[in-house]
Amino acid sequence: MTSSHELSIGIDGGGSGSRFVFYYNDQPYSAVGPILQARIKPADETAGLIAQIIGHICEKKNYPMPSRITAGIAGAAQAEIRQALTQSLKGIFRAAKITVMSDIAATFVTNFPDSKIEGRAVLICGTGSVLVYGHDGILKVAGGFGPALNEYGSGRQLGKDFMSCLMSCMDKGTRDPEVKAILEKDGLYLNTRLDALKLLYSSDFNPSTLAPTCLQLASTGHSSCRKIAEHHIESLLSLFAAAFSVKRSLKQVALHGGLFNSSWFMERVIQELTAAYPDIQIKRSYQDTAGFLAKKEISNIPVVCL
């Protein structure tokens, strides 16, 4: 157990950004960091990025060096990657207890901290999407193959589908004034084909930023956006069907990620899950993974089988 006079740090590191929570004297302090994707960069480079953020905040806040760092990092499900990152961090923070796990394992233990995993699942619908579920004592995943494939239930894919719909309407000359007004309110002026091409091929363009607009329009009954969203929801349900062939084996689900900030999307997912699994318990996920990792010492980290 970390005392109140020791610094404990929790890190939630994903493929679209990271969040650090520093817990000192019973007070949290949060900071955002860069993309942390352990499969893409060497362990030493990822550890260096983490150390840079920690060093900067410790100097800014006059914190001591950390006594504990608990990190959930995208790509760290593979044992050799996890071990290499752990060793690199230990080489920098020699006095700290270092615990590294995958980001999906971190999300799971944050929502189900009692170490029981059977029949439990976390549906993550953020920039990417994946279903994480307990089976035979390990965590398994369904979906989550990333942007190279159609990744339904993700903000990235929802935004792409929405943009495809917009481009089709532009080609046909049937742009919806309501959609145009909402996009312009968000600073997107797509009046010509050239405007669209400049946006699509801009290095700063992130399709997931369009997902909230698509879901907002779907919630008001916009036919094309409703069709897109319902197709995503149907595809998400197919992940559960693949993971839980025996329906009664699914007991609890936590809904995690930014798409569930849309109350309409969350309600539709809950409706479909409840219809398919009548005895299921569904909850909104505990969102502050980094804060949980900073406060709680994790003793039992479930193995993730990719």
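**Exercise 1. What do β1 and β2 form, and how many residues lie between them?**

Solution. The model is a predicted one, and the work begins with the pairing of its strands. Strand β1 covers residues 8-14, while strand β2 covers residues 17-24, and the two pair in the antiparallel sense over seven bridges. With two residues between them, β1 and β2 form a hairpin. As a next step, take I11 as a reference point: across the hairpin, I11 stands opposite F20 in β2. Then turn to strand β4 (residues 68-73), which runs parallel to β1 and is joined to β1 by six bridges; here the bridge partner of I11 is A71. Finally, consider the covering of β1, where six of the seven residues are buried.

**Exercise 2. Determine how helices α4 and α6 are arranged relative to each other, and which residues make their contact.**

Solution. Two packed helices are described by the angle between their axes and the distance between the axes. For α4 (residues 155-172) and α6 (residues 193-200), the axes come within 11 Å and cross at roughly 160°. Because angles over 145 degrees count as roughly antiparallel, α4 is roughly antiparallel to α6. The crossing of these two helices is left-handed. On the side of α4 the contact is made by M163, M167, M170 and D171, and on the side of α6 by R193, A196, L199 and L200. Sorted by class, the contact of α4 with α6 has six nonpolar residues, two charged residues and no polar ones.

**Exercise 3. Describe the strand order of the six-stranded sheet and locate the helix that packs on it.**

Solution. Six strands form an open sheet with mixed pairing, in the order β10-β9-β6-β7-β8-β11. Its edges are β10 (281-284) and β11 (304-305), each of which pairs on one side only. Within the sheet, β7 (residues 129-135) and β8 (residues 138-142) run antiparallel and are joined by five bridges, with H135 standing opposite I138 in β8. Helix α3 (residues 103-111) packs on this sheet, touching β6, β7, β8, β9, β10 and β11, and its direction makes about 125° with that of β6.

**Exercise 4. Is each of the loop residues Y286, E151 and R175 buried or partly exposed?**

Solution. The cut-off needed here is that buried means under 20% relative accessible area, exposed means over 50%, and partly exposed lies in between.

- Y286 is found in the loop between β10 and α10, and its relative accessible area of 39% makes it partly exposed. Beyond its neighbours within four places in sequence, Y286 is in contact with T110, N111, H256 and F292. The C-alpha atoms of Y286 and T107 are 8.4 Å apart in space, although these residues are 179 residues apart in sequence.
- E151 lies in the loop between β8 and α4, and is buried, with a relative accessible area of 7%. When neighbours within four places in sequence are left aside, the residues in contact with E151 are G128, S129, G144, F145, G146, R156 and Q157.
- R175 lies in the loop between α4 and α5, and with a relative accessible area of 37% it is partly exposed. Not counting residues up to four places away in sequence, R175 touches C169, M170, K180, L190 and N191. M170 also belongs to the residues of α4 that make the contact with α6. The C-alpha atoms of R175 and C165, which are 10 residues apart along the chain, are separated by 9.7 Å.

Technical notes: Residues are numbered from 1 along each chain as its sequence is written. This is a predicted model: local features need pLDDT of at least 70, side-chain atom pairs count only at pLDDT 80 or more; totals for chains, interfaces and linings use all residues. Side-chain values use heavy atoms; hydrogens and water are left out. Axes are lines fitted to C-alpha atoms, for helices over the stretch in contact, and angles run from 0 to 180 degrees between N-to-C directions. Helices (H or I, at least four residues) and strands (E, at least two) are DSSP runs, numbered from the N terminus. Angles under 35 degrees count as roughly parallel, over 145 as roughly antiparallel, 65 to 115 as roughly perpendicular and the rest as oblique. A crossing is left-handed if the near helix is turned anticlockwise from the far one by less than a right angle, and right-handed if clockwise. Contact means heavy atoms within 4.5 Å. Ala, Val, Leu, Ile, Met, Phe, Trp, Tyr, Cys and Pro count as nonpolar, Asp, Glu, Lys and Arg as charged, and the others, Gly among them, as polar. Two strands pair if DSSP finds at least two bridges between them. Buried means under 20% relative accessible area, exposed over 50%, partly exposed in between (1.4 Å probe, protein chains only).
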